Amino acid sequence: MARVEFTPRGVCSKKIVVETEEGVVKDVQFTGGCDGNLKAISKLVRGMAAEDVIELLEGNTCGPRSTSCADQMTKAIKETL
């Protein structure tokens, strides 16, 4: 199992912890940010292939920002692969 504690940039969340195993997302935890939305994202990606999550959410933006918590999560997932 691969685990990374990632410090996101340009978003409200302060930390993202991602665990993958054999290319599958096992768990995602956000510290800070929009609690309900980030809990939902974590539940939705659990069990998905990491590459599919990256393809789906990479480049996602939040308001006027050029990134989002979901986009930052894809960077954390990449670090586990």
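**Exercise 1. Determine which helices each supply at least two residues of the lining of the largest pocket, and describe that lining.**

Solution. In this predicted model, the helices that each supply at least two residues of the lining of the largest pocket are α1 and α3. The next step is to weigh the contributions, and here α1 gives the largest share of the lining, namely three residues. The lining as a whole is made up of 13 residues, and those nearest the centre of the pocket are Cys-34, Leu-38, Cys-62, Ser-68 and Cys-69. Sorted by class, the lining holds eight nonpolar residues, four polar residues and one charged residue. The last step is the volume, which comes to about 190 Å³ for this largest pocket.

**Exercise 2. Establish how far helix α3 reaches, how many of its residues are buried, and against which elements these pack.**

Solution. Begin with the extent of the helix: α3 covers residues 69-80, twelve in number, and the distance from its first C-alpha to its last is 17 Å, which is close to the 16 Å expected at 1.5 Å a residue. Then turn to accessibility, where buried stands for under 20% relative accessible area; on this criterion nine of the twelve residues of α3 are buried, and the helix is mostly covered. The buried residues include Cys-69, Ala-70, Asp-71, Gln-72 and Met-73, and further along the helix Thr-74, Ala-76, Ile-77 and Thr-80. Cys-69 also appears among the lining residues that lie nearest the centre of the largest pocket. Finally, the partners of these buried residues are found in both strands and helices: they pack against β1 (2-6), β2 (13-21) and β3 (24-32), as well as against α1 (35-45) and α2 (50-57).

**Exercise 3. Trace the pairing of β1 with β2 and of β2 with β3, giving the sense of each pairing, bridge partners, and the residues with positive phi in the hairpins.**

Solution. Take β1 and β2 as the starting pair: these strands run antiparallel and are joined by five bridges. Within this pairing, Ala-2 has Thr-20 of β2 as its bridge partner, while Val-4 is matched with Val-18 of β2. The hairpin formed by β1 and β2 has six residues between the strands, and in this hairpin Gly-10 adopts a positive phi near 80°. Moving on to β2 and β3, the pairing is again in the antiparallel sense, over eight bridges, and Val-17 has Gln-29 of β3 as its bridge partner. These two strands form a hairpin with two residues between them, and Glu-22 in the turn has a positive phi of about 50°.

Note on methods: Residues numbered from 1 in each chain as written. Predicted model: local features only at pLDDT ≥ 70, side-chain atom pairs only at ≥ 80, totals over all residues. Heavy atoms only, no water. Helix = DSSP H or I, 4+ residues; strand = E, 2+ residues; numbered from the N terminus. Expected span 1.5 Å × (residues − 1). Buried < 20%, exposed > 50% of the residue type's maximum accessible area, 1.4 Å probe, protein only. Contact = heavy atoms within 4.5 Å. 1 Å grid on protein atoms, 1.4 Å probe; cavity = no way out; pocket = protein on both sides within 12 Å on 5 of 7 lines; lining within 4 Å. Points joined across faces, edges and corners; volume = space filled by probe spheres on them. Nonpolar A, V, L, I, M, F, W, Y, C, P; charged D, E, K, R; others polar. Pairing = 2+ DSSP bridges.
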